Amino acid sequence: MTLINENYEIKREIAKRRTFAIISHPDAGKTTLTEKLLLFGGAIQQAGAVKSRKSRKNVTSDFLSIEQERGISVSTSIMNFNYKNYEINLLDTPGHRDFSEDTYRVLTAVDCAVMIIDNAKGVEPQTKKLMEVCRMRNTPIITFINKLDKEGMDPLDIFADIEDKLQIECTPLTWPIGMGKRFKGVYNIDKKELGLFSPGYTPQNGDGIIINDLNDYALDRELKNQADKLRDDINLIQGAAEPFDIDLFLKGTHTPVFFGSAINNFGVREMLDAFILIAPQPGYRKTLTRDVFPEEPYLSGFVFKIQANMDPAHRDRIAFFRICSGKFKKGMKVKHHRIEKDIIISNATIFMAQERKNITHAYPGDIIGIYNHGTIKIGDTFTEKEPLKFVGIPSFAPEHFRRVILKNPMKMKSFLKGLTQLAEEGAIQVFRPIINNDYILGAVGTLQFDVTIARLKNEYNVDAEYEPIDLCVARWITCDNQNKLKDFKKQNSSSIAMDSEGWITFLTTSEYQLGFAVKAWPDVEFHKTREYN
Ligand code: G4P
């Protein structure tokens, strides 16, 4: 293929790609919505395929079930499907028990997010946390208010809740007509189209009723005594809410809002049809030296997740690599800049809804799985030519801590090797206090602790156990003034630890203590995230 042809091909493929994640609090309907999207994309043939995987996860945390759970979740962790000629990559954000740093880091690899809000609950804590991560890159957010078939909050109260808790302006693109038993459907403000709800029936293209204006008699005919309420609502929001503005959406300051019921597959198609039009195609990404644009001819990308033990028999690890520019071709040689070596990617995998398959090529926005024998860590950049280092794939401050104790001191070497590798994979964070020889582990989700003990045992033949420790806040420390930094370390030595990459960390028992330190040391910076070396 000539360079001109290849360049054109890359551009065409970029324009077709949409890479996103769903953010929500557990039980808001992420699994249900994912399934409906996959059905629309033809990636699964029947409802229940994703759901049944979820229900196979049980609540015990013995090693086997963790393994099993990992095995299950990985096949669904990146789902690729085609809808109306768009190639859509949906990255799973693990929730519930396996909520972890991975959940956050996945969001650094997407170009857009769909936020699901439970109509009865409004903004819930996990959504708030995930939104904070989206904020770091101003990721555009599309909102889907779910479960309109049940009673819930008034839509305007949900808007106020979103705007207040998430600091993002809502611009409705559809509007609900009633809710619960009186739920009649949604009105598409943009298309001036009425979509009528019938429980269990998936609306088809062409079912919508186009109306001329709000005075149209069709509204009265279809909605009876709810027509006037819809008229009042639309008049109100058209006066109060700002109209949809693609630039404000792309900047992440405004979110278009859709209403529906995922379980009834209602309102989902409207959202997906709008999604492919407004969600951004893969854009530029920042590196330490320059911005990299997707249409550049040479391959580049970064690793944002490492999945171990996908196949316990082989102890394989898969590095998830987000392509940022150029075209990936099977068997190509790339530079692994951190270790300054060339590697050949001969067996890259792409993840379909229910299977893994080997691929021969991939484009910006795609995620490929690369087999890895311990030489790849999170944050690594691979490129075809130029040395680069992508930024914005951080480590996140843990919120849970344990002191880990090695049961057999003769196994110290294996214990250290295990901790180092698990830290490189992002499975756990390891801290060494400067005043003693403790090993303190930090995690965003507590399942990470169970996984660590189980993996130390199974992969490194090391028995370890935990002791509770009174810590709940960690911040990475920097300070331009080296003398001040020295003072800070000296005066807070019982709270200072070094992390696995040698960053100074302040560990403390409460947000209050943190606030106290922040006030007392104005020259010192306390970071909630840090980049990988
Ligand atoms: P999650 O992945 O975000 O945790 O949520 P999930 O899709 O599993 O949905 C959580 C619960 O909410 C499920 O009920 C699901 O059926 C229900 N749900 C999802 N969308 C809707 C909706 O539009 N309307 C209503 N009424 N319910 C909805 P469950 O009882 O926990 O599970 P199941 O027995 O239905 O499988």
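Q: What makes strand β26 and strand β30 a pair, and in which sense do they pair?
A: In this predicted model, where local features need pLDDT of at least 70, side-chain atom pairs count only at pLDDT 80 or more, and totals for chains, interfaces and linings use all residues, two strands pair if DSSP finds at least two bridges between them. Strand β26 (residues 429-433) and strand β30 (residues 496-499) have 3 bridges in the antiparallel sense, so they satisfy that rule. In β30, Ala-497 is the bridge partner of Pro-433. Strands here are DSSP runs of E with at least two residues, and helices are runs of H or I with at least four, numbered from the N terminus; residues are numbered from 1 along each chain as its sequence is written, and side-chain values use heavy atoms, with hydrogens and water left out.

Q: Why are β28 and β32 called edge strands?
A: The open sheet has 8 antiparallel strands in the order β28-β25-β27-β26-β30-β31-β29-β32, and β28 (464-468) and β32 (525-527) each pair on one side only.

Q: What makes Cys-112 and Cys-134 count as buried?
A: Buried means under 20% relative accessible area, with exposed over 50% and partly exposed in between (1.4 Å probe, protein chains only). Cys-112 has 1% relative accessibility and therefore counts as buried, and Cys-134, with a relative accessible area of 2%, is buried too.

Q: How do you know that Cys-134 is in no bond with Cys-112?
A: A disulfide is a pair of cysteine sulfur atoms within 2.5 Å. The closest cysteine sulfur to that of Cys-134 is in Cys-112, 9.0 Å away, which is too far for a bond. By this rule the count of disulfides comes to 0.

Q: What is the largest nonpolar core, and which residues have the most contacts inside it?
A: A nonpolar core is a set of buried Ala, Val, Leu, Ile, Met, Phe, Trp, Tyr and Cys residues joined through side-chain atoms within 4.5 Å. The largest one has 81 residues, and those with the most contacts inside it are Ile-162, Tyr-187, Leu-230, Phe-304, Phe-328 and Ile-368. Strand β15 (residues 317-325) gives the largest share, 6 residues.

Q: Why is this core said to lie between domain 1 and domain 2?
A: Domain bounds come from an automatic or database domain assignment. Because domain 1 (20-278) and domain 2 (285-383) both give residues to this core, it lies between them. Apart from it lies another core, of 29 residues, among them Phe-20, Ile-142, Leu-173 and Leu-272.
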